[in-house]
Amino acid sequence: MDIKTILTTFSLIFLAELGDKTQFAALCLAADSKSRLAVFLGASLALVTSALLAVLLGAFLARCFPPYVVRTVGGILFIVMGAIMLLTR
């Protein structure tokens, strides 16, 4: 395993998730629940599952397209989603 890739991935995902609506949902669920461990486990399982799906899809796309195509389409999707979020406020 490449420790640099692990640390880079952790850092980027951790920073991207700070203040995310998923984090606020977990915060509200924990405040409303008597079992904070259950909320933690549920939220953790959801994040791990979504990350697994993203990695599997990324591996599939890497076999079908060159990396620059995946990066370019990903970048365009981020820009489009950002524009939609700005325009629908």
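**Figure 1. Met1, Ile3, Ile6 and Leu7 form a nonpolar surface patch in this predicted model.** The patch covers about 500 Å². One of its members, Ile3, sits in helix 1, which runs over residues 3–17. The relative accessible area of Ile3 is 56%. Ile3 is therefore exposed, since the cut-off for that class is over 50%.

**Figure 2. A side-chain oxygen of Asp2 approaches the backbone at the start of helix 1.** The partner atom is the backbone nitrogen of Lys4. The oxygen reaches to within 3.3 Å of that nitrogen.

**Figure 3. Helix 1 has the span expected for its 15 residues.** At 1.5 Å a residue, helix 1 should span 21 Å. The end C-alpha atoms of helix 1 are 21 Å apart, so the model agrees with the expected value. Just after helix 1 comes Gly19. Gly19 takes a positive phi of about 75°.

**Figure 4. Phe10 and Phe14 make a stacked aromatic pair.** The structure holds 1 aromatic pair. The ring centres of Phe10 and Phe14 lie 5.5 Å apart, with 15° between the planes. The pair counts as stacked because planes under 30 degrees apart fall in that class. Phe10 and Phe14 are 4 residues apart in helix 1, so about one helical turn separates them. Phe10 has 54% relative accessibility and counts as exposed. Phe14, at 46%, counts as partly exposed.

**Figure 5. Thr5 and Asp20 are 23 Å apart in space.** The distance runs from C-alpha to C-alpha. In sequence, Thr5 and Asp20 are 15 residues apart. Thr5 belongs to helix 1. Its relative accessibility is 42%, so Thr5 counts as partly exposed.

**Figure 6. Helix 2 is hardly covered.** Helix 2 takes in residues 21–32. The count of buried residues among its 12 residues is 0. From first C-alpha to last, helix 2 reaches 16 Å. That is close to the 16 Å expected at 1.5 Å a residue.

**Figure 7. Ala46 and Val73 are 25 Å apart, C-alpha to C-alpha.** In sequence, Ala46 and Val73 are 27 residues apart. Ala46 lies in helix 3, which is made of residues 36–64. The relative accessible area of Ala46 is 46%. Ala46 is therefore partly exposed: its value falls between the buried class, under 20%, and the exposed class, over 50%.

Notes: Residues are numbered from 1 along each chain as its sequence is written. This is a predicted model: local features need pLDDT of at least 70, side-chain atom pairs count only at pLDDT 80 or more; totals for chains, interfaces and linings use all residues. Side-chain values use heavy atoms; hydrogens and water are left out. Patches are made of residues with over 30% relative accessible area and no salt bridge: like charges are joined within 9 Å, nonpolar side chains (Val, Leu, Ile, Met, Phe, Trp, Tyr) within 5 Å. Accessible areas come from the Shrake-Rupley method with a 1.4 Å probe; for residues, only the protein chains shown count as cover. A salt bridge is a side-chain nitrogen of Lys or Arg within 4 Å of a carboxyl oxygen of Asp or Glu. Helices (H or I, at least four residues) and strands (E, at least two) are DSSP runs, numbered from the N terminus. Buried means under 20% relative accessible area, exposed over 50%, partly exposed in between (1.4 Å probe, protein chains only). The expected span of a helix is 1.5 Å times one less than its number of residues. A polar contact is a pair of N or O atoms within 3.5 Å; within protein, one must be able to donate a hydrogen and the other to accept it, and residues adjacent in sequence count only if both atoms are side-chain atoms. Rings of Phe, Tyr and Trp (its six-membered ring) pair if their centres lie within 6.5 Å; planes under 30 degrees apart count as stacked, over 60 as edge-to-face and the rest as tilted.
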